[in-house]
Amino acid sequence: KNTIFVEAPVGTLVGTSSDENGVDSFLGIPFATVNERFQASSLKETLEEGDQLQRDGPLCWQSISPIAEQYAGAIKFFPQSEDCLYMNIYRPTTRNTSSSSSSSRCPLFL
């Protein structure tokens, strides 16, 4: 996997590019913040260095199915936190390079 950097309106996103599976991944991008528990969140306007986790962010608190807990120990594999306002972005590694525009569109998965 290769480290890649993409300039976005909020700042620089750090990701990995994998030729093996053909996907670029940008993990743990904070999209909102909350100042106080049970209050409305606000969109994150800019990313500061160190804001992006570069791994999957924690899940929001929820009860875990006894079946999931029995088979996978879900709490260990899927950490939960009130600080869970993160997203992952995935895009194809291979994009249309025949276009003369640097803003060629490609599908994204959020």
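**Exercises: salt bridges and a four-stranded sheet**

Glu 82 has a relative accessibility of 49%, so it counts as partly exposed. The cut-offs are these: buried is under 20% relative accessible area, exposed is over 50%, and partly exposed is in between, with a 1.4 Å probe and protein chains only.

The model is predicted, so local features need pLDDT of at least 70, side-chain atom pairs count only at pLDDT 80 or more, and totals for chains, interfaces and linings use all residues. Residues are numbered from 1 along each chain as its sequence is written, and side-chain values use heavy atoms, leaving out hydrogens and water.

**Exercise 1.** Find the salt-bridge partner of Glu 82 and say which parts of the chain the pair ties together.

*Solution.*
- Step 1. Apply the test: a side-chain nitrogen of Lys or Arg within 4 Å of a carboxyl oxygen of Asp or Glu.
- Step 2. Arg 37 passes with Glu 82, as their closest N and O atoms are 2.9 Å apart.
- Step 3. Place both residues. Arg 37 sits in the loop between strand S4 (32-33) and strand S5 (42-43), and Glu 82 in the loop between helix H2 (74-77) and S6, so the pair ties together parts 45 residues apart in sequence. Helices (H or I, at least four residues) and strands (E, at least two) are DSSP runs, numbered from the N terminus.
- Step 4. Check the surface. Arg 37 has 51% relative accessibility, so it counts as exposed.

**Exercise 2.** State how many salt bridges a search of the whole structure finds, and describe the pairs of Asp 51 and Asp 24.

*Solution.*
- Step 1. The search of the whole structure gives three.
- Step 2. Take Asp 51. Its side chain meets that of Lys 44 in a salt bridge, at 3.5 Å from N to O.
- Step 3. Classify these two. Asp 51 has a relative accessible area of 22%, so it is partly exposed. Lys 44, at 23% relative accessibility, also counts as partly exposed.
- Step 4. Now take Asp 24. Its side chain forms a salt bridge with Arg 91 (2.9 Å, N to O).
- Step 5. Locate this pair. Asp 24 is in strand S3 and Arg 91 in strand S6. The two lie 67 residues apart, so the pair links distant parts of the chain.
- Step 6. Both Asp 24 and Arg 91 are buried.

**Exercise 3.** Give the strand order of the open sheet and name its edge strands.

*Solution.*
- Step 1. Use the pairing rule: two strands pair if DSSP finds at least two bridges between them.
- Step 2. The order is S1-S2-S3-S6, with four strands and antiparallel pairing.
- Step 3. The edges are strand S1 (2-8) and strand S6 (86-92), since each pairs on one side only.

**Exercise 4.** Describe how S3 is joined to S2 and S6, and decide whether S3 is largely enclosed or open.

*Solution.*
- Step 1. Start with S2 (residues 11-18). Three bridges pair it with S3 (residues 23-30) in the antiparallel sense. One bridge matches Ser 18 with Val 23 in S3.
- Step 2. Look at the turn. S2 and S3 make a hairpin with four residues between them. Gly 22 in this turn has a positive phi of about 70°.
- Step 3. Go to S6. Six bridges join S3 and S6, which run antiparallel. Phe 26 has Ile 89 in S6 as its bridge partner.
- Step 4. Count buried residues. S3 has six of its eight residues buried, so the rest of the structure largely encloses S3.
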